[in-house]
Amino acid sequence: MPSTRLVLIALLLILLPYAAATQIPTGGSSETARRLFEEMALEGRLQEPVREMHLQLIHNPFGLPPDRNERLTALFEQAFAKDSLLADAQMAFHRQYNASLGDAALQQITGDTLRQVLDSEQQFYTLQGLRERVVRRYELEQNPPPENRINLVQSVAEHKESVASRLETEVEIYRAIVSALGELSGRQSFTETQIDGIVSGYRNQIQPHVEQQVTSQMLLMYHGLDEGVLNRYRAFYASETGNWLGKATSGSIHAAYREATSRFLQSVRNL
């Protein structure tokens, strides 16, 4: 018995640092993580792809019987609900949180210069921002941005990994829909190999569109911002702090979609 107790104590001592490292930060770190998460405009980034897929599902693109398509759409809407996505993303962000890098990131992005960019990103997803997109799109059509402006915006997107993040988001949603189709159509579910093949084809098909979509969105989002400000924003995301923040936010979004996909498929199987 004493030897068994000693073994258990040794195991506990080994596991304690790992357990502490995987807990959600507390105290000041938790507050900084919360503020940093709120600054990143993740609610809009989480919701826009869901809103687009929801609009597609309403029109029954897969040719399901109407009642089954209605069920698919309703279950999708429930599983990918805004509050659930946001809660899952915040939990994932806290799990990835690095206190020293987080403190530095919050200090830099809330400074006078980068604050302008964050305000533009947050405004972009608001109701007012949706209206402004129409005006800005017209202005850009009448006065197309010069090549150097386009290159700068694409460079910002590259350092933020915006294209890769948006592509993975759309692929994750599509995989969830494909996985559910077999269940709702009354036929045998697709195998993982079949799903991988379908999703791979979809990824290749939409990648050029996503690249163009991200560029177009960022031209609208940053319309009117000084190039010097955007250059400093790009430099931030090229730094160790910015690189961590970009990966942490993208990882949080993907984790939230994985959780939503799991809820969605479970609800489909429970029908």
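A cavity is a set of grid points where a 1.4 Å probe fits but cannot get out. With that in hand, let's explore this predicted model.

**Exercise 1.** Find how many cavities of 30 Å³ or more the structure holds, and how much space lies in the largest and in the second largest.

*Solution.* Start with the count: there are 2 cavities of 30 Å³ or more. Next, take the volumes: the largest has about 360 Å³ of space, while the second largest has about 40 Å³.

**Exercise 2.** Work out which residues and helices line the second largest cavity.

*Solution.* First, list the lining: S120, Q123, F124, G129, E132, R133, R136, L220 and M221. Then look for helices that supply at least two of these residues: helix 7 (112-124), helix 8 (127-142) and helix 11 do so. Helix 8 gives the largest share, 4 residues. Finally, sort by character: 3 are nonpolar, 3 polar and 3 charged.

**Exercise 3.** Describe the lining of the largest cavity.

*Solution.* Begin at the centre: of the 22 lining residues, R45, Y125, S162, Q217 and M221 lie nearest to it. Two or more residues come from each of helix 3 (42-58), helix 10, helix 11 (192-221) and helix 13 (240-269). The lining divides into 10 nonpolar, 7 polar and 5 charged residues.

**Exercise 4.** Decide whether S179 is buried or exposed, and find its surroundings.

*Solution.* Locate S179 in helix 10 (residues 162-185). Its relative accessible area is 15%; buried means under 20%, so S179 is buried. Now check its side chain: a polar atom there lies 2.8 Å from the backbone oxygen of R175. Beyond residues up to four places away in sequence, S179 touches I195 and L265.

Terms used: Residues numbered from 1 in each chain as written. Predicted model: local features only at pLDDT ≥ 70, side-chain atom pairs only at ≥ 80, totals over all residues. Heavy atoms only, no water. Buried < 20%, exposed > 50% of the residue type's maximum accessible area, 1.4 Å probe, protein only. Polar contact = N/O pair within 3.5 Å; in protein donor to acceptor, adjacent residues only side chain to side chain. Contact = heavy atoms within 4.5 Å. 1 Å grid on protein atoms, 1.4 Å probe; cavity = no way out; pocket = protein on both sides within 12 Å on 5 of 7 lines; lining within 4 Å. Points joined across faces, edges and corners; volume = space filled by probe spheres on them. Nonpolar A, V, L, I, M, F, W, Y, C, P; charged D, E, K, R; others polar.
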